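This report covers the ligand site, the pockets and cavity, and selected residues of one protein model. It is arranged by topic and begins with a helix.

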Amino acid sequence: MSLDSLLKNFSIVLSHPRIPENIGAAARAACNMGIGGLIVVAPEDPNPERMLKMATHTAAHFIREMEVYPDLKEALANFSYIVGTSARSGRGRRLVLSPREVAPILIQKAVQNKIALVFGPEDKGLSNAEISLCHQIVKIPTAEFSSLNLAQAVMIVCYEVFLADFKPQKKDTPRLADSQELELMYDKVKKTLIKISFIQPDNPDHWMMNIRRFCSRIGLSKNEVNLIMGVCRQIEWYGKSCAQNKRKTRAAKKNDKQPRGKNKNE
Ligand code: SAH
């Protein structure tokens, strides 16, 4: 597979961008570096003229063809590897890599997977809930002032991916489950773990963080997701049948204890 076609498996995803010029400049950066496409989530001011001015004529098709979604979860549904970017370090005690460290890993995964490079809004960055959707967090190293302009951050990450050394492997990297499949699995795991009282129902998402982190680190295939879904269904079925058996035993004991009424025919 050529580097050009691998780069087409990457998309830039801008979550809640506030300034249309930044969307235009991000489109230009993506086009410069041969990235596949641009996705925007709930832009504050979707003004095409202001975007196009920064995108320039050559990258205008990125703006014309860009997909727009109301929320990040929906935007990421078809991606199977998601990279969140943040100017802050130590997000949820997760391993944070630099673009240079992550780029060779990503280019390898791009053989089989669609990869989303996710960037947050100019003022607040990505929320914790948005970060929890990501397999990997990336921070661009800087001097003390760590917050870059959104489009400049997009450019640096795309540049490192563009330069990454692709070494074709004898054995293909596996195709991972996509975000929609993973989120359905997390939902099922959460419900099952609440039912068996493994996690607290008052703040289940907090308890799920460790499970999400662990699964992101491994990178689950679709078959593995199906396996975990099957285990959860079996646990739920077993719990239900145990409860039914208990009810039956209790009812039988109650019947045994009750004094037998006189039979009419006696
Ligand atoms: N104040 C915000 C910064 C927002 S800058 C914060 O603390 O996160 C807008 C976006 O640009 C960020 O959400 C991130 O996606 C990207 N960005 C800016 N600086 C970055 C850095 N040093 N490393 C990685 N991404 C960065």
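**A helix with two buried residues**

Helix α6 is the place of L106. The model is a predicted one, and in it L106 has a relative accessible area of 0%, which makes it buried. Along the sequence, L106 and V161 are 55 residues apart, while in space their C-alpha atoms are 7.5 Å from each other.

A103 is also found in helix α6, which spans residues 99-109. Its relative accessible area is 2%, and because buried means under 20%, A103 counts as buried. A103 and D123 are 20 residues apart along the chain, and 26 Å separates their C-alpha atoms.

**The ligand and its surroundings**

D123 also appears at the ligand, where one of its polar backbone atoms is 3.2 Å from a ligand nitrogen atom. In total, 20 residues surround the ligand. The closest of these are T85, G120, I140, S146 and L148.

Two of those closest residues also place backbone atoms at ligand nitrogen atoms. For S146, a backbone N or O atom lies 2.7 Å from a nitrogen atom of the ligand. For L148, the separation between a polar backbone atom and a ligand nitrogen atom is 2.9 Å. The table collects these contacts.

| Residue | Protein atom | Ligand atom | Distance |
|---|---|---|---|
| D123 | polar backbone atom | nitrogen | 3.2 Å |
| S146 | backbone N or O atom | nitrogen | 2.7 Å |
| L148 | polar backbone atom | nitrogen | 2.9 Å |

**The largest pocket**

The largest pocket contains about 620 Å³ of space. Its lining is made up of 25 residues, and those nearest its centre are S132, D205, H206, M209 and R212. At least two lining residues come from each of α7 (128-131), α9 and α10. Of the elements, α10 supplies the largest share, with nine residues.

By class, the lining of the largest pocket comprises ten nonpolar, five polar and ten charged residues. Where does this pocket lie with respect to domain 1 and domain 2? Domain 1 (3-163) and domain 2 (179-257) both contribute residues to its lining, so the largest pocket lies between them.

**The second largest pocket**

The second largest pocket has a volume of about 380 Å³. It is lined by 22 residues, of which S86, A87, G125, S147 and L148 are the closest to its centre. L148 is also listed among the residues closest to the ligand. The lining of the second largest pocket divides into nine nonpolar, eight polar and five charged residues.

**The cavity**

The structure holds one cavity of 30 Å³ or more. The largest cavity encloses about 50 Å³ of space. Its lining consists of I82, S132, L133, C134, H135, S179, L182, E183, Y186, R212 and S216. Two elements, α9 (179-195) and α10 (204-218), give two or more residues each to this lining. The greatest contribution comes from α9, with four residues.

Sorted by class, the residues that line the largest cavity are five nonpolar, four polar and two charged. Why is the largest cavity placed between domain 1 and domain 2? Residues of domain 1 (3-163) and of domain 2 (179-257) both take part in its lining, so the largest cavity lies between the two domains. S132 and R212, which are part of the cavity lining, are also named among the residues nearest the centre of the largest pocket.

**Positive phi angles in loops**

Two residues other than glycine remain to be described, each with a positive phi value. Phi of H16 is near 50°. H16 sits in the loop between β1 (10-15) and α2 (20-32). With a relative accessibility of 33%, H16 counts as partly exposed.

S197 has a phi near 60°, which is likewise a positive value in a residue other than glycine. The loop between α9 and α10 holds S197. Is S197 buried or exposed? At a relative accessible area of 60%, S197 is exposed. The helices on either side of this loop, α9 and α10, are the elements that give two or more residues to the lining of the largest cavity.

Methods: Residues numbered from 1 in each chain as written. Predicted model: local features only at pLDDT ≥ 70, side-chain atom pairs only at ≥ 80, totals over all residues. Heavy atoms only, no water. 1 Å grid on protein atoms, 1.4 Å probe; cavity = no way out; pocket = protein on both sides within 12 Å on 5 of 7 lines; lining within 4 Å. Points joined across faces, edges and corners; volume = space filled by probe spheres on them. Nonpolar A, V, L, I, M, F, W, Y, C, P; charged D, E, K, R; others polar. Domains from an automatic or database assignment. Buried < 20%, exposed > 50% of the residue type's maximum accessible area, 1.4 Å probe, protein only. Near = heavy atom within 4 Å. Polar contact = N/O pair within 3.5 Å; in protein donor to acceptor, adjacent residues only side chain to side chain.
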